[in-house]
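Here is a friendly walk through one model, with salt bridges, helix crossings and a few backbone details along the way. Have the viewer open as you read.

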Amino acid sequence: MTKYQIIAATGCPTGIAHTYMAQEALEQAAQKQGVSIKVETHGQSGTENVLIEAEIANATGVIIAADKDVDIDRFAGKRLINVSVSKGMKEPDKLVDRILNDDTVPIYRGTGNSNDSSENSAETSSGFWHTLYVCLMNGVSHMLPLVVAGGVLIALSFFWGINSADPKSSEYNQFAQLLNTIGGFAMNLMVPVLCAYIAEAIGKRSGLVVGFATGMIAYTNGTGFLGGILGGFLAGYTVVLLQILFKKIPKSLDGLKQIFLFPVLGVFASGAIMWYLSVPMKTINEGMMTFLKGMENSSPLLLGIVVGIMCASDMGGPINKAAYLTGTALLAQGNYFFMAGVSAACIAPPLATGFAVLFNKKAYSSKERSAGYVNFLLGSTHITEGAIPFAARNPLLNLPAFMVGSAIAATLTYMSRISVPAPHGGFIVLPLVNKPFLWVLYIIIGSIASGLLLAIIAGRQTKKAALATETATLSETLPEQPTVAKTDLSDILSLENIRTNVAVANRDELLDYLARFAKERHITTDKQAVLNKYHQRESEGSTGMEKGIAIPHAEDATIQQSAMLILKLSQPIAWETFDHQPVDTIISFLIPDEKNNHHLQYLSSTSKLLMHEDFIQQLKATNDPNEILTLFKTNRS
């Protein structure tokens, strides 16, 4: 038997992507540190790579990265970190390092208690709100397949007509009625199963029993999924309370507690409370459904924006799941329109990454390009998680870009009254969608919008990174120059090299002006050769910076000595820059084609000057060549 230094468990409510992405991330992090790891996964196909007692006993520590119940009590006595599945994907290196080297990681004591350090417990074990979320998602993960199965079967029955299950209708079909009836039974199990498995995550087997009974009361009394959620927590914590009250009963009577006392007293107590709560819960549930239906008709734009932002905000996290759970609950009550917008908003982000890669291949690495292409497949099957690595690349800019596309897709879907009968499957369920062509079109429109934004953002990031790398490389690779004179810009800048109020119409005209200027100043013997080098440099990547500044430069054998030219334009001209603003200040370097590297020092010195806001403000404020010359002479990097 293999001995593993680290054991782990991952799981997410849908159990489709997050579970396995977290598994892979943890395995790669462990491999980097040269330690062995076994990761147990809790997906929709069940529990895989199951951890056995001997493996648990031999492990140094345990990492739980899950948003569903993974039976944590079996790890009692082990150093344990318990976090959400998203942290397992985003911070695997940190988790592995902590479980190996951080002595403050608490030892799990069982029954939800860690060591005495409440600070450590809050940091590494599941806090109160995360515990509630995990319990809720445990119910959702067990409920979801029933809603998928029931929704699809009911939708299939509509192929024979919207009233095909009604024996009194002319559209009646016996097979359609069978499909509709079976699908209805599956959908009706949604609330009891949701309630039962929330309670099971809290009170284990006894919680499951009490949860089913409480869930049936909630369903029968019309409380909807809100009643199922409330009933699940009510049933689970009722069992926990009974466990505390009967804690002192002799251990020999444990069987009596589990088979008789807890079920009987738990079902009565939780059921009675749920019975009296059903009236207000039913009112709240009906009010919410009426409100959402009203928004679908009266405010599809607002509803689409809200749903789009929620679905794209955390890619399968709590906010995304709130919208998804609402759509699933509405499906169970016969509303297929809300889920159509939710699905569109969830499908758009991964497709957007594929379009972004197509629009700007140079801005992405080969690995990112491959991931983008794969996301066309993942997105079409309603797996949003493929977009997470792209969102993590620059979340402050990329997440809003994803939200824009998701909001567009959801809004157009609601405006066209498109219905989708299944909470998952993506384009696989297209035959069941009432307007399949329009739905796909709207999702693609939203995806392209996000893709364009992502491509622009990635392009700017790449340029900034390239500039930073170039500057860092110059600083690191330059040979030591003991004399200050060689890096003094006054060596290559004179008053005659500065011109203001220069009138040019565009970038190409500006580069031609610079080449003629260099010839006039006898800096070069061949104006055309210098102009060709200017254009060659721009084709490799724009020299436009930001704040209206560009630094075109040319290196050629016809250039007789290093020189620096400065132009202030009378009118700004269009130029590809980091901030997408026109350019009105030109700093150009002309460099002999030789290997003394002096020009690199000049370029580096100027780049450092332009990092200072006060220097840029002074440069932009003056059109006097003497003041510009003094500014560069008195400010040395």
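Arg-499 is partly exposed, with a relative accessible area of 27%; buried means under 20% relative accessible area, exposed over 50% and partly exposed in between, using a 1.4 Å probe and protein chains only. Please keep in mind that this is a predicted model, in which local features need pLDDT of at least 70 and side-chain atom pairs count only at pLDDT 80 or more, while totals for chains, interfaces and linings use all residues. Residues are numbered from 1 along each chain as its sequence is written, and side-chain values use heavy atoms, with hydrogens and water left out.

**Salt bridges**

Which residue does the side chain of Arg-499 meet in a salt bridge? The partner is Glu-520, with an N to O distance of 3.1 Å. Arg-499 belongs to strand E6 (residues 498-502) and Glu-520 to helix H18, so this pair ties together parts that are 21 residues apart in sequence. Helices (H or I, at least four residues) and strands (E, at least two) are DSSP runs, numbered from the N terminus. Glu-520 is partly exposed at 44% relative accessibility.

A salt bridge here is a side-chain nitrogen of Lys or Arg within 4 Å of a carboxyl oxygen of Asp or Glu. As general background, side chains of opposite charge can pair when their charged atoms come close. A search of the whole structure finds 12 salt bridges, including the pairs in this table.

| Residue pair | N to O distance |
|---|---|
| Asp-71 and Arg-74 | 4.0 Å |
| Arg-499 and Glu-520 | 3.1 Å |
| Lys-527 and Asp-512 | 2.6 Å |

The side chains of Lys-527 and Asp-512 form a salt bridge at 2.6 Å. This pair links distant parts of the chain, with Lys-527 in helix H19 and Asp-512 in helix H18, 15 residues apart. Lys-527 counts as partly exposed at 22% relative accessibility, and Asp-512 counts as partly exposed at 22%. Elsewhere, Glu-40, Asp-71 and Arg-74 are joined into one network by salt bridges that share partners. Within that network, Asp-71 is partly exposed with a relative accessible area of 38%, and Arg-74 is partly exposed with 24%.

**Helix crossings**

How do H18 and H19 lie relative to each other? The axes of helix H18 (residues 507-520) and helix H19 (residues 527-540) come within 9 Å and cross at roughly 140°. Axes are lines fitted to C-alpha atoms, for helices over the stretch in contact, and angles run from 0 to 180 degrees between N-to-C directions. H18 and H19 are therefore oblique to each other. Angles under 35 degrees count as roughly parallel, over 145 as roughly antiparallel, 65 to 115 as roughly perpendicular and the rest as oblique.

H18 passes H19 in a right-handed crossing. A crossing is right-handed if the near helix is turned clockwise from the far one by less than a right angle, and left-handed if anticlockwise.

A second helix pair is H8 (residues 190-220) and H10, whose axes come within 8 Å and cross at roughly 30°. That angle makes H8 roughly parallel to H10. H8 passes H10 in a right-handed crossing.

**Surface and backbone details**

Helix H10 (residues 254-298) contains Ile-259, which is exposed with a relative accessible area of 70%. Ile-259 is one of the residues in a nonpolar surface patch of about 550 Å², alongside Leu-253, Leu-256, Phe-260, Val-264 and Leu-265.

Now for the backbone. Most residues other than glycine have a negative phi. Asn-501 has a positive phi of about 55° although it is not a glycine, and Asn-501 sits in strand E6. His-522, also not a glycine, has a positive phi near 60°. His-522 is found in the loop between H18 and H19 and is exposed, with a relative accessible area of 60%.

**Contacts across the sequence**

Is Tyr-336 buried or exposed? Tyr-336 counts as buried at 11% relative accessibility, and lies in the loop between helix H12 (318-332) and helix H13 (337-359). Tyr-336 and Ala-422 are 86 residues apart in sequence, and their C-alpha atoms are 8.0 Å apart in space.

Glu-627 and Leu-495 are 132 residues apart in sequence and 9.7 Å apart in space, C-alpha to C-alpha. Glu-627 is found in helix H22 (residues 625-634) and is partly exposed, with a relative accessible area of 45%.

Definitions and conventions: Patch = residues over 30% accessible without salt bridge, like charges linked within 9 Å, V, L, I, M, F, W, Y side chains within 5 Å. Areas by Shrake-Rupley, 256 points an atom, 1.4 Å probe, with all protein chains shown as cover.
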